[in-house]
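User: Please take a close look at one part of this model. I would like the turn and its strands first, then the setting around them.

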Amino acid sequence: MELDLRPVQPEYRHKLVLESFSKLKEGEELTVIADHYPSHLIQLLSGHIEKYKVEETANGDFMLKLTKKKGSTNRPIISHISEFRKTGDVFTPIPVLRKDEYGVILVFFKPGQYIPIHAPDSDLIFYVLQGQGKVSVDNKEYEVREGSIVIIPRGIKRGVKADTYMEAIHIVVPSPSPEDHEKVMSAAMNGIAEVDLKH
């Protein structure tokens with residue numbers, strides 16, 4: 001099954017993908033064509049997919065191939081960061097696992113890229129694997145580098161900016177809504193430093 005999201009208004013895309021994915025049988029594949037890197041879709045469906053592959057087309061669009069998981073979703077995940085490493089025009093979040101209770105995301109930054117300041121309804125554990133940058137917490141800025149661990153309770157404004165190439169593991173409890181994720185990514189793509197998730 002193939003689904004082209006490019007002509008679909010952004011507010012209807014998640015619903016359309018979820019409806020299409022729910023119609024698949026275990027082991028079947030859904031191909032999604034999008035106009036930006038589809039990290040939010042991978043995150044949204046990560047607990048239900050066996051595997052996925054993303055290819056960038058010659059005209060800058062992205063083709064995401066998702067295979068619906070067979071059997072139980074309760075199994076160990078063992079991977080290596082090199083399997084996920086990727087950077088794009090804005091900070092690049094790559095989900096390792098998304099459940100309603102929590103999400104595990106690898107985040108890759110080029111120098112100067114950032115996660116806009118926002119105050120989600122999720123606790124955050126942010127562990128810097130490589131590089132250095134700054135974390136903004138409640139209007140204060142803190143230097144972070146390889147080995148830094150940052151823990152921020154839900155509802156507190158936070159943001160991240162890379163000074164060098166930076167990789168981090170980003171754990172959120174519970175997982176943010178797809179709508180909140182889309183607002184943060186849209187702000188980053190449009191050069192907006194802070195986003196209000198409540199409006």
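The request concerns the hairpin of strand 9 and strand 10. Where do Asp-138 and Asn-139 lie, and how are the two strands paired?

Analyst: This is a predicted model. I start with the strands, move to the turn, and then step back.

Strand 9 covers residues 132–137, and strand 10 covers residues 140–145. The two run antiparallel and pair over six bridges. One pairing can be named: Ser-136 has Glu-141 in strand 10 as its bridge partner.

Two residues sit between the strands of this hairpin. Asp-138 lies in the loop between strand 9 and strand 10. Asn-139 is placed in the loop between strand 9 and strand 10 too. Asp-138 is not a glycine, yet its phi is positive, at about 50 degrees. Asn-139 is not a glycine either, and its phi is positive at about 70 degrees.

Their cover is worth checking by class. Buried means under 20% relative accessible area, and exposed means over 50%. Asp-138 has 48% relative accessibility, so it counts as partly exposed. Asn-139 has 63%, so it counts as exposed.

Now the setting. The protein has three helices and 13 strands. Its radius of gyration is 17 Å, close to the 16 Å of the globule rule for 199 residues, so the protein is as compact as a globular protein of that length. The C-alpha atoms fill a box of roughly 50 × 35 × 35 Å along the principal axes. Buried residues account for 45% of the 199 residues. Take the contacts between residues at least 6 apart in sequence: 65% of them join residues at least 24 apart.

The surface comes next. The accessible surface is about 10800 Å², and carbon and sulfur atoms hold 52% of that area. The protein carries 26 positive and 29 negative charges, and the mean positions of the two sets are 3 Å apart.

Other loops give a useful contrast in cover. Ser-122 lies in the loop between strand 7 (114–118) and strand 8 (123–130). At 3% relative accessibility, Ser-122 counts as buried. Beyond its neighbours within four places in sequence, its contacts include Ile-152, Pro-153, Arg-154 and Arg-158. Val-172, Val-173, Pro-174, Ser-175 and Pro-176 are also in contact with Ser-122.

Part of that contact set has a backbone feature of its own. Val-173 and Pro-174 are joined by a cis peptide bond, with omega about -10 degrees. Pro-174 lies in the loop between strand 13 (166–173) and helix 3 (178–189).

Lys-69 is another loop residue, between strand 4 (62–68) and strand 5 (92–98). Its relative accessibility is 10%, so Lys-69 counts as buried. Lys-69 and Ile-49 are 20 residues apart in sequence, but their C-alpha atoms are 4.5 Å apart in space.

Finally, a strand pair to set beside the hairpin. Strand 1 (residues 2–4) and strand 2 run parallel, joined by three bridges. Asp-4 has Ile-33 of strand 2 as its bridge partner. Strand 2 (residues 29–34) is mostly covered, with five of its six residues buried.

Back to the part you asked about. The strands of the hairpin are antiparallel, with six bridges. At the turn, Asp-138 is partly exposed and Asn-139 is exposed.

Note on methods
Residues numbered from 1 in each chain as written. Predicted model: local features only at pLDDT ≥ 70, side-chain atom pairs only at ≥ 80, totals over all residues. Heavy atoms only, no water. Helix = DSSP H or I, 4+ residues; strand = E, 2+ residues; numbered from the N terminus. Buried < 20%, exposed > 50% of the residue type's maximum accessible area, 1.4 Å probe, protein only. Contact = heavy atoms within 4.5 Å. Rg over C-alpha atoms; globule rule 2.2 N^0.38 Å. Areas by Shrake-Rupley, 256 points an atom, 1.4 Å probe, with all protein chains shown as cover. Lys, Arg positive; Asp, Glu negative; His and termini not counted. Charge placed at Lys NZ, Arg CZ, Asp CG, Glu CD. Pairing = 2+ DSSP bridges.
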